[in-house]
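Reader: Please pick one part of this model and go through it closely. State the cut-off for each term as you use it.

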Amino acid sequence: MQSSLIAKYGDARLPRYTSYPTSPRFSPAVDASTYGDWLATLPMDKPASLYVHIPFCRSICWYCACHTTITRQDLPIHNYLQKLRKEIYLVSASTKARLKINHLHFGGGTPTIMPPTEMRELIGLLREYFDFADTVQIALEIDPRTLEEEMATVLGEAGVSRASLGVQSFDPVVQKAINRTQSEEQTMDAVSRLRRAGVGSINFDLIYGLPYQTVESCIETIKAAIMMRPDRFAVFGYGHVPSLKRHQGRIDESSLANSQGRVAQAEAIAEHLVAAGYHCIGLDHFARPGDSLAIAQTNGQLHRNFQGYTTRACETLIGFGASAIGFMAGGYVQNEVRPSQYARRITSGRFATVKGYRLSAEDRLRADIIDRLMCDFQVDVPSIAAAHGFEPGALLDGNDRLSMLENDGIVENVDGVIQLREKRRFLIRAIAAAFDAYLEPSERSCSKAA
């Protein structure tokens, strides 16, 4: 039964639903002027989150789908950070008062590519222009191969509470095929430095579906990773899109597992993590029982955003840097992707926003339904529809995708309460897609309740 479901649904290129609508729907209709208007009307009584994008790496990993630039020199990084500081000033000057911040995330690229002194100054500048909560969470993505002791010390002193280390795979055959050689010793050294520096939570990022990867090599990687006792794991499936990311063309497609092989790899990783005491969190995260993600899941307070799963619903996300995406009550905004064009806009005193999306009432309804599915694997459609002032029938009646999932035994639908059947977790995106109005030209519009 499972093999037939994999064959039917496994090859579908569906969104990961870290946002709804997803970024391909963004357009220039939302621009820098729109962003300025939205910033000026932000509520000051609700906390916000910050995202800072550092789009530089020392070498390219061939599996990478991030917006990043390869540089061997420090000058481009230094120049970029100057523009980043100016953007921080422009944004902070456009709000009615200092925004209260409860979460800060540095992504990349490789955020720790900057010198330690610049990292200290950048976090200090953000604290100067924004009002950081006493319980603020500061998270940062790290390449373990380049983390030095001085940087780890600075991160601890600056209050970084969580570090996500890119591991992907410890299999040397896989590493060679993706142009990323990283030993277990390098990773362990990075973990030890961060813990000595006082960084309280460690996250490992793993990928399945990589070239030459097998169930056996996935198991060997997860066993080695568990020995280092990270607090969380994020386990993602490799997406091969050489038409969008040219460097992925260096990967031999014949070395990639098929859909059934990918599911087998993902399930093997999950089984070993659960056996080691980690809780499954949503689609692709695992956490220790006392971790805040596990607690949030138990309490029905888990949410999903651009960084994956989170314990806090975020009404405002301010994005800084090239390609950064932000979110406000009005909708989404995204900065210029190319660092050179980003720099030109900021130098001229303008916001770097070049596209975005203005949310409709129906978008907000569908976003809430998809969020609950991705977090809880079930959703009470009538309840959420009523909270948004919509009739549930507009979402359920004539929903061919949902009917197909019911007929295939993937979901159970009892009076509009949709629940994923046991052992069908890997198909959750197909269920979320049943409520995505933008996947097909024949979009359905909901009707407001009378």
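Author: **A helix pair and the second largest pocket**

The axes of helix 8 (residues 215-227) and helix 9 (residues 259-275) come within 9 Å and cross at roughly 30 degrees. Helices here are DSSP runs of H or I of at least four residues, strands are runs of E of at least two, both numbered from the N terminus; axes are lines fitted to C-alpha atoms over the stretch in contact, with angles from 0 to 180 degrees between N-to-C directions. Helix 8 and helix 9 are therefore roughly parallel to each other (angles under 35 degrees). Their crossing is right-handed, the near helix being turned clockwise from the far one by less than a right angle.

This is a predicted model, in which local features need pLDDT of at least 70 and side-chain atom pairs count only at pLDDT 80 or more, while totals for chains, interfaces and linings use all residues. Residues are numbered from 1 along each chain as its sequence is written, and side-chain values use heavy atoms, without hydrogens and water.

The second largest pocket has a volume of about 760 Å³. A pocket is an open set of points on a 1 Å grid over the protein atoms alone, where a 1.4 Å probe fits, with protein on both sides within 12 Å along at least five of seven lines; lining residues have an atom within 4 Å of a point. Points are joined across faces, edges and corners, and the volume is the space filled by probe spheres set on them.

The lining of this pocket counts 32 residues, and those nearest its centre are Cys314, Phe327, Tyr332, Ala367 and Asp368. Two or more residues each come from strand 11 (303-305), strand 14 (325-328), helix 12 (361-376) and helix 13 (381-388). Helix 12 supplies the largest share, eight residues. Domain 1 (1-15 + 360-449) and domain 2 (22-325) both contribute to the lining, so the pocket lies between them; the domain bounds come from an automatic or database assignment. By class, 17 lining residues are nonpolar, seven polar and eight charged. Ala, Val, Leu, Ile, Met, Phe, Trp, Tyr, Cys and Pro count as nonpolar, Asp, Glu, Lys and Arg as charged, and the others, Gly among them, as polar.

Strand 14 also gives two or more residues to the lining of the largest cavity, as does strand 15 (331-335). A cavity is a set of points from which the probe cannot get out. The largest cavity holds about 40 Å³ of space, and strand 15 gives the most to its lining, with three residues.

How values were computed:
Parallel < 35°, antiparallel > 145°, perpendicular 65-115°, else oblique.
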